[in-house]
Amino acid sequence: MTNILMPKATAVWLVDNTSLTFEQIADFCELHPLEVKGIADGEVARDIRGADPIANGQLSRDELDAAEKTATYRMKAQKSRHAELLKPVKKAPRYTPVSRRQDRPDAIAWFIRNHPEVPDSQLSRVLGTTKATIEQVRNRTHWNSANIKPVDPVTLGLSTQLELDAVVRKAADKRATEAAKRGEIEPEGETLRPASETGVVSESAPEPVYEDEADED
């Protein structure tokens, strides 16, 4: 049976507005018949306002009519549209294509080197990896440690620039707040700048152009 939202409030409404038996109401609301009798006698749920199960989509008018005609009839609840709205939406885990999964350690190494203030929980979410893998890369106990090199996760296609900047900024703000609470002045540094400003760490990164070279052009 579908769980009833606000069972006591629903029972109050059914007691006040229908000719159903205590047993029928108790069965529908998943209450004890004596509890429903207490509601009818004013001993239980006196301060609870009745909730119309037809209006909120938990009971059809046809079901109610059938139950009122036959005392042995047991009403079947409907799936409430309100229950669907109240149901928490679980975010699906980030999917990383198989061809990209070997790039995760490189992205982890990039975070560890450039943004150590970002907590492992955030790295796990952004990169779709596990805390165990992050720890292995950090401690150089990963099975492929010899071949791991720091590479920007945006370049690897493991995150967007907006996602990366948001994670870095959140971690930097948290660190600055904690430092302020301790009475420390947080120095400006690369880890406090957006990831887009720290540069893409990859072999294909262009060589910097200095002012003297630009003037020669």
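Gln 24 is buried, with a relative accessible area of 2%. This residue belongs to helix α2, the element with the highest mean pLDDT of the chain, 94. The model is a predicted one, and its secondary structure consists of 12 helices and zero strands. The points below begin with the surroundings of Gln 24 and then turn to other parts of the chain.

**Gln 24 and helix α2**

- The side chain of Gln 24 comes to 3.0 Å from the backbone oxygen of Thr 70.
- Leaving aside residues up to four places away in sequence, Gln 24 touches Ala 67, Thr 70, Ala 71, Thr 72, Tyr 73 and Arg 74.
- One of these partners, Ala 67, is itself a buried residue of helix α4.

**Helix α4 and its packing**

- Helix α4 spans residues 61-69, and its buried residues are Glu 63, Leu 64 and Ala 67.
- Viewed down the axis of α4, these buried residues lie within an arc of 95°, and therefore they line one face of the helix.
- An α-helix has 3.6 residues a turn, so residues three or four places apart point the same way.
- Asp 62 and Lys 69, on the other side of α4, are exposed.
- The packing partner of the buried residues of α4 is α2, residues 22-29.

**Overall architecture**

- From the N terminus on, the order of elements is α-α-α-α-α-α-α-α-α-α-α-α.
- The chain has 217 residues, of which 35% are buried.
- Of the contacts between residues at least 6 apart in sequence, 65% join residues at least 24 apart.
- The exposed area of the chain is about 14,000 Å², and carbon and sulfur atoms supply 52% of that area.

**Pairs distant in sequence**

- Ile 48 is located in the loop between α3 (33-40) and α4.
- Its relative accessibility is 34%, so Ile 48 counts as partly exposed.
- The C-alpha atoms of Ile 48 and Ala 9 are 6.0 Å apart, although the two residues are separated by 39 residues in sequence.
- Beyond residues up to four places away in sequence, Ile 48 touches Lys 8, Ala 9 and Val 12.
- Ala 172, in helix α10, is buried at a relative accessible area of 2%.
- Between Ala 172 and Val 118 the C-alpha distance is 7.7 Å, with their positions 54 residues apart in sequence.

**Salt bridges**

- The count of salt bridges comes to five, and three of them are described here.
- Side chains of opposite charge can pair when their charged atoms come close.
- Lys 37 and Asp 41 form a salt bridge through their side chains, at 2.9 Å from N to O.
- Lys 37 is partly exposed because its relative accessibility is 37%, and Asp 41 is likewise partly exposed, at 44%.
- The side chains of Asp 120 and Arg 138 form a salt bridge at 2.8 Å, N to O.
- This pair links distant parts of the chain, with Asp 120 in helix α8 (residues 120-127) and Arg 138 in helix α9, 18 residues apart.
- A salt bridge also joins the side chains of Glu 135 and Arg 138, at 3.0 Å from N to O.
- Glu 135 and Arg 138 both belong to helix α9 and are three residues apart, about one turn of the helix.
- Through shared partners, the salt bridges join Asp 120, Glu 135 and Arg 138 into one network.
- Arg 138 is partly exposed, with 34% relative accessibility, and Glu 135 is partly exposed with a relative accessible area of 34%.

**Backbone exceptions**

- Most residues other than glycine have a negative phi, and most peptide bonds are trans.
- Met 6, which is not a glycine, has a positive phi of about 50° and is found in the segment before α1 (7-17).
- Arg 140, also a residue other than glycine, has a positive phi near 60°.
- Arg 140 is placed in the loop between α9 (131-138) and α10 (161-181), and its 59% relative accessibility means that Arg 140 counts as exposed.

**Confidence of the prediction**

- Mean pLDDT for the chain is 78, and 73% of the residues score at least 70.
- Helix α12 (residues 211-216) has the lowest mean pLDDT among the elements, 46.
- Residues 186-192 stay under a pLDDT of 50, and the model has 17 contacts beyond four places in sequence for them.
- Residues 198-217 also stay under 50, and for them the model has 18 contacts beyond four places in sequence.

Terms used: Residues are numbered from 1 along each chain as its sequence is written. This is a predicted model: local features need pLDDT of at least 70, side-chain atom pairs count only at pLDDT 80 or more; totals for chains, interfaces and linings use all residues. Side-chain values use heavy atoms; hydrogens and water are left out. Helices (H or I, at least four residues) and strands (E, at least two) are DSSP runs, numbered from the N terminus. Buried means under 20% relative accessible area, exposed over 50%, partly exposed in between (1.4 Å probe, protein chains only). Contact means heavy atoms within 4.5 Å. Accessible areas come from the Shrake-Rupley method with a 1.4 Å probe; for residues, only the protein chains shown count as cover. The arc is that of the directions from the helix axis to the C-beta atoms. A polar contact is a pair of N or O atoms within 3.5 Å; within protein, one must be able to donate a hydrogen and the other to accept it, and residues adjacent in sequence count only if both atoms are side-chain atoms. pLDDT is the predictor's confidence in each residue, from 0 to 100. A salt bridge is a side-chain nitrogen of Lys or Arg within 4 Å of a carboxyl oxygen of Asp or Glu.
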